[in-house]
Number of protein chains: 2
Amino acid sequence: MRVTAETVARRAGVSRATVSRVLNNNPNVSDQMKRRVMKVIDELNYRPSSVARSLRLQTSDIVGFMIPVSLEQTFADSFFSDIMSGICDAVSLFSLRLQVFTSSPAGSQAIEQLIQSNQIAGVILHDRIEDPIRKVVLENGTPCVVVGTIEDKEDRETFGSVSVDNFGGVYRSVEHLIRSGYRKIAYIAGSMSSLGGGRDRLRGYQAALQDYGLECKSEHVGVGEFDREIARQIAERMLETDDRPEAVVCANDLMALGVISAASKIGLSVPGDLGVIGFNDSAFAKDIDPPLTTVRQPVQEIGYEAAKMLAMMIRGNEIRERHLVLPTQLIVRKSC
Amino acid sequence: MRVTAETVARRAGVSRATVSRVLNNNPNVSDQMKRRVMKVIDELNYRPSSVARSLRLQTSDIVGFMIPVSLEQTFADSFFSDIMSGICDAVSLFSLRLQVFTSSPAGSQAIEQLIQSNQIAGVILHDRIEDPIRKVVLENGTPCVVVGTIEDKEDRETFGSVSVDNFGGVYRSVEHLIRSGYRKIAYIAGSMSSLGGGRDRLRGYQAALQDYGLECKSEHVGVGEFDREIARQIAERMLETDDRPEAVVCANDLMALGVISAASKIGLSVPGDLGVIGFNDSAFAKDIDPPLTTVRQPVQEIGYEAAKMLAMMIRGNEIRERHLVLPTQLIVRKSC
DNA sequence: ATGAAAGCGCTAACAT
DNA sequence: ATGTTAGCGCTTTCAT
């Protein structure tokens, strides 16, 4: 038989109400009583049913998180695992629970229903999660924080967000290159959809060149995908021109891989003839030859902060800063 | 105000019981009535509360999944994201919900309590998850399937498992090398803890050599960690001996990276002077130079099958095969 | 075929 | 300070 508050109450010779009060630290209960009840709770190893609690209180302690179905190139590495373990940590700290859904039709429908019936306390979305869910979340007034940047004005008002300093990351990459003596610096961007920080990274590049009085030539800016092969082709073309760059900054480590490959094909050595910098500090970055200089984002922390902010929103606490931008860090290795 | 069965009932001019019957496809309800109630349900966009349902039925539709806190080297790539998206898919197919916990103290404690109060319908564990939880799961009789291999006899009786054909993967790697003309083939193993398939992979190597009448020299077997640097050192030592191997098979792609690096340092070209094969088909495998021949495991499918099996167990269905071994596939690229 | 009513485990208003 | 009681939304006997 299941141990309920009733079981505890009877054994302790008190009423269920008292057990409940002890559990919820209600001040109106004598120390003596508290001890007595606690003792029985321990003996019976009683754990209150969060289901009953949810039903009674008409609340939920469940945080929903959606992972994109197509874990594309950009997320190829441990990105989502890391985000999630950050979320998990924060979530258990605040006595919430994490429930995961995919953005597949089945997954979206599931979370949609749960939101509509108020069985989700709050949600964490990735900035690429498509509209339908955002709309449901908005309509329902469900607390929500998005991981990444929010473009939409209205969304920014209601949602929280946790992103990283994409601009600064690339800015410091370029700065590092300049200080190391490189002058002709190219940039290969990923998708130009503003999401995933693509736009900000490009702006970081442009700003750094400008601040250091360097010209920003359009031939030295390539726009592709967050993909190695495409980056390789772009790099190959750039490196074969008369005015070839001395260094190239990539929006992504995979793309840096492509650039290195292009360089070696043409017979250029890295970092000797060409400096290369990536972005993400993917797992393999330190293990390739040459070890890749890149920008690290605090992925776990993103998840942690997002969940923490969400917990605050759920509890109705004041949020000091609802759009967090976490610092990125340049990891200098051997590729430039 | 929340729409409940009561709301629907009143609007349709029937009792709550009837609404419930319609929802649960109870045969004792006239078609006419069914239509009438369904219409109202649609109009009101009514969704039954799974909380109330759980309380009444004393069941749960929640599947728990634990991710290791220390996402070690082995899991560096998208392993857990992929497993999880597989689980998610299956889980929503069976109208279950996925809840994620970390193996941190906070996380374990949380899931432990939920299991003990029967609020978890079943759990999916990784084969490295430490004892405490397994014990709780066992004691509580909670359906459980583990991702990976189960060593413990008793555990094998009660738990289900989904693993991959580690043995065959390495066997076919070695076979492929032999057929390509390589004779002196070395193997660098990861951790020898049987978990994570380490042991089976090594045995696949040994069996292949034996089956093709090749000698298995102990100098050609290295045991390290699932780590690039250690593999590099081992490879360097092997390659500097008189009797240096013509090819080396690694327990892991990262380790293959280390071997390639060792080779290039010594001036050996891959695949010219040395063939290299990895394991996992990590995201970067196809993008390095040379593109790595490796063994792919169907990671998403592992998650999918695990969740499917668990769903069967939860529903009390007969399980045909409670220890699934999914096939691995040799992906031939340019490194041998 | 449908309705009335009890009860899952919990909390909070009300009573003492 | 403690007990009594109603009720959260649902399903399921038991009547009819």
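The following conversation goes through a predicted model of two protein chains with two DNA strands, asking how each description is reached.

Trainee: What makes strand E5 of chain A count as largely enclosed by the rest of the structure?

Mentor: Buried means under 20% relative accessible area, and five of the five residues of this strand, residues 160–164, are buried, so the strand is largely enclosed by the rest of the structure. The two faces can be taken in turn: A:Gly160, A:Val162 and A:Val164 point one way, while A:Ser161 and A:Ser163 point the other way, and all of them are buried.

Trainee: How do you know that strand E4 and E5 of chain A pair?

Mentor: Two strands pair if at least two bridges are found between them, and E4(A), residues 144–147, has three bridges with E5(A), in the parallel sense. One of the residues to look at is A:Val147, whose bridge partner in E5(A) is A:Val162. Between these two strands the chain passes through helix H8 of chain A, residues 153–158, and this β-α-β crossover is right-handed.

Trainee: Why is that crossover called right-handed?

Mentor: The word applies if, with the strands pointing away from the viewer, the path from the first strand over the helix to the second runs clockwise. The path from E4(A) through H8 to E5(A) is right-handed, so by that rule it runs clockwise in such a view.

Trainee: Which residue of E11(A) is the bridge partner of A:Ser161?

Mentor: The bridge partner of A:Ser161 in that strand is A:His323. E11(A), residues 323–326, pairs with E5(A) in the parallel sense over four bridges, and the requirement of at least two is therefore met.

Trainee: Turning to the DNA, what makes the approach of B:Ala5 to DNA strand D a polar contact?

Mentor: A polar contact is a pair of N or O atoms within 3.5 Å, and a backbone N or O atom of B:Ala5 lies 2.5 Å from a phosphate oxygen of DNA strand D, so the pair qualifies. By the same rule we can accept A:Arg56, which has a backbone N or O atom 3.3 Å from a base oxygen of this DNA strand, and B:Arg16, which has a polar side-chain atom 2.9 Å from a base nitrogen. The elements that give two or more residues to the surface near DNA strand D are helix H2 (16–23) and helix H4 (50–57) of chain A, together with helix H2 (16–23) and helix H4 (50–57) of chain B.

Trainee: Which parts of DNA strand D supply the atoms within 4 Å of the protein?

Mentor: Sugar or phosphate accounts for 56% of those atoms, and the rest belong to bases. On the protein side, the surface near DNA strand D has eleven nonpolar, ten polar and seven charged residues.

Trainee: How do you know that A:Arg53 makes a polar contact with DNA strand C?

Mentor: An N or O atom in the side chain of A:Arg53 is 2.9 Å from a phosphate oxygen of DNA strand C, and because the limit is 3.5 Å, the pair is counted. Base atoms of DNA strand C are reached as well: a polar side-chain atom of B:Arg21 lies 2.5 Å from a base oxygen, and one of A:Arg21 lies 3.4 Å from a base nitrogen.

Trainee: Why is A:Asn25 called exposed?

Mentor: Exposed means over 50% relative accessible area, and A:Asn25 has 59%, so the term applies. B:Asn25 is also exposed, because its value is 56%. A:Asn25 has a phi near 55 degrees, a positive value in a residue other than glycine, and is found in the loop between H2 and helix H3 (31–44) of chain A.

Trainee: Finally, how do you know that the length of helix H13 of chain B agrees with its number of residues?

Mentor: The expected span is 1.5 Å times one less than the number of residues, so the 17 residues, 299–315, should span 24 Å, and the end C-alpha atoms are 25 Å apart, which agrees. Among the buried residues of this helix are B:Ile302, B:Met309 and B:Leu310. Just after H13(B), B:Gly316 takes a positive phi of about 80 degrees.

Definitions and conventions:
Residues numbered from 1 in each chain as written. Chains lettered and ligands numbered in written order. Predicted model: local features only at pLDDT ≥ 70, side-chain atom pairs only at ≥ 80, totals over all residues. Heavy atoms only, no water. Buried < 20%, exposed > 50% of the residue type's maximum accessible area, 1.4 Å probe, protein only. Near = heavy atom within 4 Å. Polar contact = N/O pair within 3.5 Å; in protein donor to acceptor, adjacent residues only side chain to side chain. Nonpolar A, V, L, I, M, F, W, Y, C, P; charged D, E, K, R; others polar.
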